[in-house]
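The following note collects comments on the pockets of the structure shown below. Each point is kept short for ease of reference.

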Amino acid sequence: MLQLILGGARSGKSRLAEQTAKESGLSVVYIATAQALDEEMQQRIQHHQQQRPSHWQLCEEPIFLADQLLQLDQENQLILVDCLTLWLTNLLLAEDTALQQQTEKLLKVLPQLKSDIILVSNETGLGVVPMGEISRRFVDEAGRLHQALGQLADKAVFCVAGFPMILKGEK
């Protein structure tokens, strides 16, 4: 099963994803895409680490997400990826062709996986159009990725103020 959980900052999307993973009864692999490049991000990462069960396997992968999913894939397992928008940011800042190559690869790999997958991502398309070129590109790329993932997903959820709203799939 492929689940996509979207929401704004501090909307409860990560908490929902982690609760869903706990309740699955499956072994969990947590793929973190964040990079601790400054003190504030280090604190965010620590906060997330404290919320997760210590027995979950942790894998940090800022760029090659599809390859990591293929490597980790197995039956009777849940892989939780948090979060896709940080991954997109990493790709935007990497070499010029990385974003298109890696997003296409992710969309190709996801339907092949035996593991249950939960993808967490920030919904960025609810505000004004950003002024800067890279910010506009980020919002555009995130929107395109979310639309494609929504088509692939068995379930899609949008979190607002800690409340999940089911967009697609069973409640």
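1. In this predicted model, helix α4 contributes four residues to the lining of the second largest pocket, which is the largest share from one element. The volume of this second largest pocket is about 170 Å³.

2. The lining of the second largest pocket consists of Thr33, Ala34, Gln35, Leu37, Asp38, Glu40, Met41, Leu86, Thr89, Asn90 and Leu93. Two or more of these residues come from each of α2 and α4. Sorted by class, the lining holds five nonpolar, four polar and two charged residues.

3. The largest pocket has a volume of about 810 Å³. Its lining comprises 31 residues, and those that lie nearest the centre of the pocket are Arg10, Ser14, Arg44, His48 and Asp82.

4. Which elements supply at least two residues of the lining of the largest pocket? They are the helices α1 (13-24), α2 (39-51) and α4 (84-93), together with the strands β2 (27-32), β3 (57-60) and β5 (116-122). Helix α2 provides the largest share of this lining, with seven residues.

5. As to chemical character, the lining of the largest pocket divides into eleven nonpolar, eleven polar and nine charged residues.

6. A closing remark concerns the elements found at both sites. Helices α2 and α4 each give at least two residues to the lining of the largest pocket, and α2 and α4 also each give two or more to the lining of the second largest pocket. The largest share comes from α2 in the largest pocket and from α4 in the second largest pocket.

Technical notes: Residues numbered from 1 in each chain as written. Predicted model: local features only at pLDDT ≥ 70, side-chain atom pairs only at ≥ 80, totals over all residues. Heavy atoms only, no water. 1 Å grid on protein atoms, 1.4 Å probe; cavity = no way out; pocket = protein on both sides within 12 Å on 5 of 7 lines; lining within 4 Å. Points joined across faces, edges and corners; volume = space filled by probe spheres on them. Nonpolar A, V, L, I, M, F, W, Y, C, P; charged D, E, K, R; others polar.
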